[in-house]
Amino acid sequence: MDLATWIDSLPKSELHVHLEGSIPLWALFEILTRHGGDPEVPDLQALERRFAYRDFPHFLAMWTWKHGFLRDAEDFAFLAEAAAREWLAQNITYVEAHYSPTDASHTGLSVGDLTRAVRRGLDRVVGVEVRLICDVVRDSPIPRALRTAEEAAELQDLGVVGIGLGGPEHSHPPEPFAPVFARARALGLHTTAHAGEAAGPESVRGAVEVLQAGRIGHATRAIEDPGLVELLAREQTPLELCPISNLRTGAVPSLESHPVRTYFERGLKVTLNTDDPPMFNTTLTGEFVALHEVHGFTREDLLTLLHNALDASWMRDSDKTRRHLELDQAARA
Ligand SMILES: [Zn+2]
């Protein structure tokens with residue numbers, strides 16, 4: 001069995017993927033068309049070209065452009081269903097997906113109504129369990145971010161399990177969000193933060209030491225601080241690495257230069273993720289194949305990454321045990 005077929009055959013988990021960045025391009029084009037379209041994007045090929053980025057700020061600008069076309073509850077139900085079908089088609093059976101009510105404030109939907117629409121779409125797809133991470137956006141004022149965390153905590157019966165800090169990392173360091181993270185934890189939510197993607201290792205240190213984030217998204221530039229790499233190894237802080245995303249946004253100049261191999265060899269808790277797969281022209285299987293081809297990961301190494309994702313997930317321990325067994329059985333088949 002070739003590697004891609006083998007990876008496809010395994011039940012996989014994703015811990016760092018954005019729901020609104022997971023809309024298949026055909027579905028996004030349908031939403032665009034539904035709302036009058038954009039004369040500069042007359043077809044799918046033009047939409048694909050839109051998602052080639054000069055740098056991280058350019059990516060954020062395209063993210064915002066796309067969000068302008070998400071207008072009502074039906075758009076969110078539609079995109080959630082389309083994303084879930086795509087995950088299921090790749091045998092991704094467990095997902096903790098970020099979604100961003102703050103970025104959808106132009107819709108006038110309350111956080112509750114938006115989340116209910118997303119859940120409605122997700123529930124139309126059987127075979128993939130999707131739990132939600134509510135994004136706190138870094139350029140929000142702190143009182144607004146606190147309100148988002150509190151609203152998220154009220155939606156745990158809709159599968160909201162955590163908050164995630166996202167947005168313009170290069171201009172907004174993590175430390176001011178410490179009260180938001182503390183409040184979220186007190187209300188029963190898990191926490192993760194983007195760090196070390198568009199900003200340096202100090203952002204990772206801030207997210208670990210000050211926010212006490214349960215996981216770190218990207219952590220790409222932690223490699224620049226040897227003491228920090230030791231800390232991450234010692235603490236076994238789960239890292240949600242997204243190598244192809246980093247390549248597409250210019251966070252790394254090449255896949256060869258991505259620190260994933262070094263982190264893995266030093267015993268850091270590495271998981272592999274896609275971030276915004278259609279926007280970065282990647283798939284989860286594609287990420288695994290790239291690690292094999294570019295960094296020499298063996299099948300056993302790749303299996304370790306899949307087990308790491310289960311360990312680092314926020315599912316119940318009994319579910320972890322069951323999914324570890326299912327993964328091992330599928331790998332031996
Ligand atoms: Zn992300």
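Is C242 buried or exposed in this structure? C242 counts as buried because its relative accessibility is 0%. Here buried means under 20% relative accessible area, exposed means over 50%, and partly exposed lies in between, with a 1.4 Å probe and protein chains only.

The model is predicted, so local features need pLDDT of at least 70 and side-chain atom pairs count only at pLDDT 80 or more, while totals for chains, interfaces and linings use all residues. Residues are numbered from 1 along each chain as its sequence is written, and side-chain values use heavy atoms, with hydrogens and water left out.

## Cysteines

A disulfide is a covalent bond between the sulfur atoms of two cysteines. In this report a disulfide is a pair of cysteine sulfur atoms within 2.5 Å. By this rule the count is zero. C134 takes part in no disulfide, and the nearest cysteine sulfur, that of C242, is 19 Å away. For C242, the closest cysteine sulfur is in C134, and the distance of 19 Å is too far for a bond. C134 also counts as buried, because its relative accessibility is 0%.

## Two pairs of helices

Helices (H or I, at least four residues) and strands (E, at least two) are DSSP runs, numbered from the N terminus. Their axes are lines fitted to C-alpha atoms, for helices over the stretch in contact, and angles run from 0 to 180 degrees between N-to-C directions. A crossing is left-handed if the near helix is turned anticlockwise from the far one by less than a right angle, and right-handed if clockwise.

The axes of helix α5 (residues 73-89) and helix α6 (residues 111-123) come within 7 Å of each other, at a crossing angle of roughly 40 degrees. This crossing of α5 and α6 is right-handed. Contact means heavy atoms within 4.5 Å. On the α5 side the contact involves A73, F76, A77, A80, E81 and A84, which meet L114, A117, V118, R120, G121 and L122 in α6. Sorted by class, the contact of α5 with α6 has nine nonpolar, one polar and two charged residues. In this sorting Ala, Val, Leu, Ile, Met, Phe, Trp, Tyr, Cys and Pro count as nonpolar, Asp, Glu, Lys and Arg as charged, and the others, Gly among them, as polar.

The axes of helix α9 (residues 201-210) and α10 come within 10 Å and cross at roughly 35 degrees. The crossing of α9 and α10 is left-handed. From α9, the residues P201, V204, R205, V208 and E209 meet G227, L228, L231 and L232 of α10. The classes in the contact of α9 with α10 are six nonpolar, one polar and two charged residues.

One residue of this second contact may be followed further. L231 lies in helix α10 (residues 226-235) and counts as buried at 10% relative accessibility. Not counting residues up to four places away in sequence, L231 touches R205, V208 and E209. L231 and R205 are 26 residues apart in sequence, and their C-alpha atoms are 9.1 Å apart in space.

## Further residues in helices

The table lists three residues with their helices and relative accessible areas.

| Residue | Helix | Relative accessible area |
|---|---|---|
| S245 | α11 (residues 243-249) | 0%, buried |
| L44 | α3 (residues 44-50) | 32%, partly exposed |
| A46 | α3 | 6%, buried |

Which residues does S245 touch, not counting residues up to four places away in sequence? They are E197, H218, T274, D275, F280 and E287. The side chains of S245 and D275 are joined by a polar contact of 2.8 Å. A polar contact is a pair of N or O atoms within 3.5 Å; within protein, one must be able to donate a hydrogen and the other to accept it, and residues adjacent in sequence count only if both atoms are side-chain atoms.

In helix α3, L44 is in contact with L25, W26 and F29, leaving aside its neighbours within four places in sequence. The C-alpha atoms of L44 and G188 are separated by 42 Å, and these residues are 144 residues apart along the chain. A46 touches E40 and V41, again not counting residues up to four places away in sequence.

## Positive phi angles in loops

N91 is found in the loop between α5 and β2 (92-99). The phi of N91 is near 60 degrees, a positive value in a residue other than glycine. N91 is partly exposed, with a relative accessible area of 23%. Q212, in the loop between α9 and β6 (215-218), has a positive phi of about 55 degrees although Q212 is not a glycine.
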